[in-house]
Amino acid sequence: MVNYEVILSTANVVGATTFNNVFIKLVGTDGESDRSWLMNLKGPLAFTTGAVSSFNVSCSESIGKLVLIELDKQRLLIFPEDNWFPAKVEVKSPEGDTYNFPVYRWITDNEVHRFREGKALRVFDDIHHLGKYSREQELKQREEDYRWDVYAEGIPHSIKSEGPLSLPCEVRFSFTKTTEFLFTAASGLTELQLNGLADSKENWTDIEDINRVFCCKRTAISDYAQEHWKEDAFFGYQFLNGVNPILIQRCSALPKNLPVTNDMVCLPGQSSLEDEMKKGNIYLCDYKRLDGLEGNTINEKKQYLMAPLVLLHRTPDDKMMPIAIQLKQTPGDDNPIFFPSDSEYDWLMAKIFVRSADFSEHQLNVHLLRTHLLAEVFAVSMLRNVPMVHPLYKLLVPHTRYTLQINNLARLLLISETGVFTGFAASGGEAMFTILKRSLSSMTYSSLCIPDDIAERGLEAVPNFYYRDDGLRLWDIIHRFVQGILSFYYKNDAEVQQDSELQAWISDIFEHGLLSQPCPGIPRSFTTVAELVKFVTMVIFTCSAQHSAVNAGQYDYGGWMPNTPISLQLPPPTTKGTTSEATMLQTFPDVNTTVQGMATMWLLSKQSSDFVPLGRYPEDHFSEEIPHKLIKAFQGELQDLSEAIKARNKDLEVPYTYMDPTEVENSVAI
Ligand code: FE2
């Protein structure tokens, strides 16, 4: 007889305990154990939350190198069947070897579940017939559990599900997250103490009234935004370090549809627009994706959505100042170009229409499409095509946590027919899908990879651009980590080309994410290790750093409604000199629209208490020493960056925290 010591850890999450009987079978290269009941002196307390329990499994002779384990649980007569969340199983063999079996998933039935040893195996490494068989079975099951669905034509496909609770439990919110996160605008309204205003279809008549409803929840930056929202410098600053830092670009020739001439703009000294463009001091924000869209109807009133062009000048004292705004794409007599020299309210109204357009561009293109929907495609494709034992799964699974469920909720509660966005945003409804489609068809690979994106937009030298500074450093750190892990498993390009599971992953992303449209630069298959490393870096960066950059500041910059109106209900002036404070108040969204927007942005900026920061891996999917060392080095570099960002922020009037690694979540989870 030989003995195998089995050490089983139940996860430390709420509800992980089972009182059912647990059975294990060890499967090795030379044989297998009997299916053994795991029983020790702890009795039914062996599988409580956080418990680590040790057992003996005897075999008549050695079963060789362990390939997999089979786990199942059966209820006792007196106990009901319960849900169990085992974390991992460690097995010490009579030969003195230790085998690790990562599990990290709920077992909710009495079926047999197979788990592979933690050493990562690519498809062509998996030569044992039992290993191969279990790999195939796992993917077959996953293809059943994770099906593609078309939510709307022209946008990335999503997970097929009847609702958040019908998702497989391994991808659902934890109990903690579920109880904390009542994802309804109603709960946001309660937290902001705005319940009484949710039905008021009145206009704002005094800016002080907006101030009164805003006073319950504030952040340092939302206070700053309230104080400075009218200022040109703050308006320009937000294109660099606000929630949408990806639109602004250097302008070396004016677009044909923006007929601004030298004598119209006021530049310092004798400098001309051409001179300043040559020096790289002129910048453009072009909201052309919003052109020609019909505004929503809210409270039975038509809403207005513009597609502005904004020209900015980098001043000698390093400010990004707006110098001209045209609110519609086609120049014409009814489409004046506004300048800072216009009347106070003409210029302010022009900026308000830009900020409102930015809300739609940001929420739909920058936030929803380019982080949430892409992250879902990366995750679903991985779950369908890549088994747990694959190195890519081990590397990426922490970066997919909660993404399917949050997107499910977003579809249900934000963009559905009864969703908050549909009901209360100027671009809600039909326009929303047009913007998403246009955004997807104009997406490029370089725009998803921050080093290429910054170079392409000509922003290398812009001062005070913290999104770029922190983002580039984060990209480098993630890239070094991914390179370390993937080059440990892929020694040459041929191995990448031969890995059919990797190829299936990218192929599904192309088909279901990009809808087989040409997205310039995105690989349709992987031919080199370098190409794979870059793509996986982009995936992790998108799911973590980029999402944080475009998500975490929503309430900071949007809580004070005048700085980011989710809708506007008068058209912009077609002639100059007709606006006043009263025009501005009549243009702002009604009271109910305002508070619904505030409540949603509040909820979406909140950090959950089971938030996992970038680079922390509470689940130990890797067994080998090298990946563990690489994870340590990754965490060290993130820590150094965090300290550098915190030190830098001490001297800033408006700190930029969204890409501080301690504030960045591993995955799109909110
Ligand atoms: Fe988000």
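## The iron site

A donor here is an N, O or S atom within 2.8 Å of the metal, and because water is not among the atoms, a site may look incomplete. In this predicted model, the iron ion has protein donors from H367 (NE2), H372 (NE2), H547 (NE2), N551 (OD1) and I670 (O), at 2.2 to 2.4 Å. Along the chain, these donors are spaced as H-x4-H-x174-H-x3-N-x118-I.

N551 belongs to helix α18 (residues 529–551), whereas I670 lies in the segment after α22 (625–650), so this pair ties together parts that are 119 residues apart in sequence. N551 and I670 are both buried.

## Salt bridges

Side chains of opposite charge can pair when their charged atoms come close. Over the whole structure, 34 salt bridges are found. One of them joins E32 to K25, with 3.0 Å between the closest N and O atoms. E32 is partly exposed, its relative accessible area being 45%.

Another salt bridge links D223 with R218, at 2.5 Å from N to O. D223 is partly exposed at 30% relative accessibility, and R218 is also partly exposed, with a relative accessible area of 34%. The salt bridge between the side chains of D453 and R457 has an N to O distance of 3.0 Å. Here D453 is buried, at 5% relative accessibility, and R457 is buried with a relative accessible area of 7%. Elsewhere, R116, D126, R135 and E501 are joined into one network by salt bridges that share partners.

## Helix α17

E501, a member of that network, is also one of the buried residues of helix α17. The helix covers residues 500–513, and its 14 residues should span 20 Å at 1.5 Å a residue; the C-alpha atoms at its ends are 19 Å apart, so the expected and computed values agree.

Ten of the 14 residues in α17 are buried, which leaves the helix mostly covered. Besides E501, the buried residues include L502, W505, I506, I509 and F510, together with Q503, D508 and H512. G513 is buried as well.

What caps the N-terminal end of α17? The cap is D499, which has a side-chain oxygen 3.1 Å from the backbone nitrogen of E501. After the helix comes L515, with a positive phi near 55°.

## S222 in helix α5

S222 is part of helix α5, which runs over residues 220–228. Is S222 buried or exposed? S222 counts as buried because its relative accessibility is 0%, and the cut-off for buried is under 20%.

The side chain of S222 reaches back to the backbone nitrogen of T219, at a distance of 2.8 Å. Leaving out residues up to four places away in sequence, S222 touches F214, Y555, D556 and W560.

## Cysteines

How many disulfides does a search of the whole structure find? The search finds zero. C543 is in no disulfide, and the nearest cysteine sulfur, belonging to C449, lies 13 Å away. A disulfide would need two cysteine sulfur atoms within 2.5 Å, so the C543 and C449 pair does not qualify.

Two of the cysteines can be described by their accessibility. C543 is buried, with a value of 3%. C169 is partly exposed, with a relative accessible area of 22%.

## N21 in strand β2

N21 lies in strand β2, which covers residues 21–28. Its relative accessible area is 16%, so N21 counts as buried. T48 stands 27 residues away from N21 along the chain, and the C-alpha atoms of the two are separated by 12 Å.

Which residues are in contact with N21, leaving aside its neighbours within four places in sequence? They are W37, D72, K73, Q74 and L76. With W37, the side chain of N21 makes a polar contact, side chain to side chain, at 3.2 Å.

Terms used: Residues numbered from 1 in each chain as written. Predicted model: local features only at pLDDT ≥ 70, side-chain atom pairs only at ≥ 80, totals over all residues. Heavy atoms only, no water. Donors = N, O, S within 2.8 Å, 3.2 Å for Na, K, Ca; no water. Helix = DSSP H or I, 4+ residues; strand = E, 2+ residues; numbered from the N terminus. Buried < 20%, exposed > 50% of the residue type's maximum accessible area, 1.4 Å probe, protein only. Salt bridge = Lys/Arg side-chain N within 4 Å of Asp/Glu carboxyl O. Expected span 1.5 Å × (residues − 1). Polar contact = N/O pair within 3.5 Å; in protein donor to acceptor, adjacent residues only side chain to side chain. Contact = heavy atoms within 4.5 Å.
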